[in-house]
Amino acid sequence: MEKTDKRTSILNAAEKLFASQGFEGTSTRQIATEAGANMSMINYYFGSKEGVFMEIMSNRIKGFSLALTSIEAEDLNQLEKLMMVIDQYTRRILDNIAFHKMMHRELSLSQRPEMYDKLKQAMSGNLMIIERIINEGIAQGEFRSVDVRMVIASIMGTITNVVTSPSKITAGSKLDIKIPADREILTERLITHLKDLTKTYLTPQK
């Protein structure tokens, strides 16, 4: 139990530091100090700072994968499933903006090819589930025939754009995405927008 707790402490400390300082700005020594561990423990459990980062990302990706698998198994039509995906994915991202921005930066820079490839491979499984939901809707005539991957990119790209450049949405208002109450307002606005946009785009024209 003590080993499990220490391992969890290292992951929690690393996630906090990665989110606030970025991957490059965080050292293994800082992680150890924040976690109340020693550097040999980090090497033992994870092998390196990259190993810690990959463990955090894998846990997040697996968590969303479980949520998607559950949604896909629901006795619902494909539109209802897709609306649930949009709701859950948006909330997951906006509940931890700092970490998502850091992850997005890592993926866009591609400075560590091996880590980048592993992340992309892990994320592709989640994208396939969303793709299946939309394709099934098309096959059943519930959705019109569309470029499925462009639809997914539009949904995810819009969320990332709001997270990385919130001023595009908040300009001229008093809303601040860093304030929890304001972030909840923006989250609901974003979910409503994405659901309306997606539903309108996918609905077959009569």
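1. Buried residues of helix 4. In this predicted model, helix 4 has many residues listed as buried: Lys 49, Gly 51, Val 52, Phe 53, Met 54, Ile 56, Met 57, Ile 61, Phe 64, Ala 67, Leu 68 and Ile 71. Lys 49 is on that list despite its charged side chain, and it comes up again in point 3.

2. Length and cap of helix 4. The helix runs over residues 49-73, which makes 25 residues. Its first and last C-alpha atoms are 36 Å apart, close to the 36 Å expected at 1.5 Å a residue. Ser 48 caps the N-terminal end. One of its side-chain oxygens lies 3.4 Å from the backbone nitrogen of Glu 50.

3. Aromatic rings. The whole structure holds six aromatic pairs. One of them joins Tyr 44 and Tyr 45, with ring centres 5.2 Å apart and planes at 70 degrees. Why is this pair edge-to-face? The angle is 70 degrees, and planes over 60 degrees apart count as edge-to-face. Tyr 44 is exposed, with a relative accessible area of 62%. Elsewhere, Phe 18, Phe 23 and Phe 53 form one aromatic cluster. Phe 53 is also one of the buried residues of helix 4. Lys 49 lies over the face of Phe 23, 4.4 Å from the ring centre.

4. A second charge over a ring. Arg 144 places its charged end over the ring of Tyr 201. The distance to the ring centre is 4.4 Å.

5. Salt bridges between helices. The count of salt bridges is nine. Glu 34 and Lys 16 form one of them, at 3.1 Å from N to O. Glu 34 belongs to helix 2 (residues 28-35) and Lys 16 to helix 1 (residues 2-21), so the pair links parts of the chain 18 residues apart. Lys 16 is exposed at 52% relative accessible area, while Glu 34 is partly exposed at 39%. Arg 132 and Glu 72 form another, with their closest N and O atoms 2.9 Å apart. Arg 132 sits in helix 7 (residues 113-139) and Glu 72 in helix 4, 60 residues apart. Both are partly exposed: Arg 132 at 41% and Glu 72 at 23%.

6. A salt bridge within one helix. Where do Arg 91 and Asp 87 lie? Both are in helix 5 (residues 78-94), four residues apart, about one turn of the helix. Their side chains meet at 3.0 Å, N to O. In an α-helix, residues three or four places apart point the same way, because there are 3.6 residues a turn. Arg 91 is partly exposed, at 26% relative accessibility. The two also belong to a network of salt bridges with Glu 184, Glu 188 and Lys 195.

Definitions and conventions. Residues numbered from 1 in each chain as written. Predicted model: local features only at pLDDT ≥ 70, side-chain atom pairs only at ≥ 80, totals over all residues. Heavy atoms only, no water. Helix = DSSP H or I, 4+ residues; strand = E, 2+ residues; numbered from the N terminus. Expected span 1.5 Å × (residues − 1). Buried < 20%, exposed > 50% of the residue type's maximum accessible area, 1.4 Å probe, protein only. Polar contact = N/O pair within 3.5 Å; in protein donor to acceptor, adjacent residues only side chain to side chain. Phe/Tyr/Trp six-rings, centres within 6.5 Å; stacked < 30°, edge-to-face > 60°. Lys NZ or Arg CZ within 6 Å of the ring centre and 35° of its normal. Salt bridge = Lys/Arg side-chain N within 4 Å of Asp/Glu carboxyl O.
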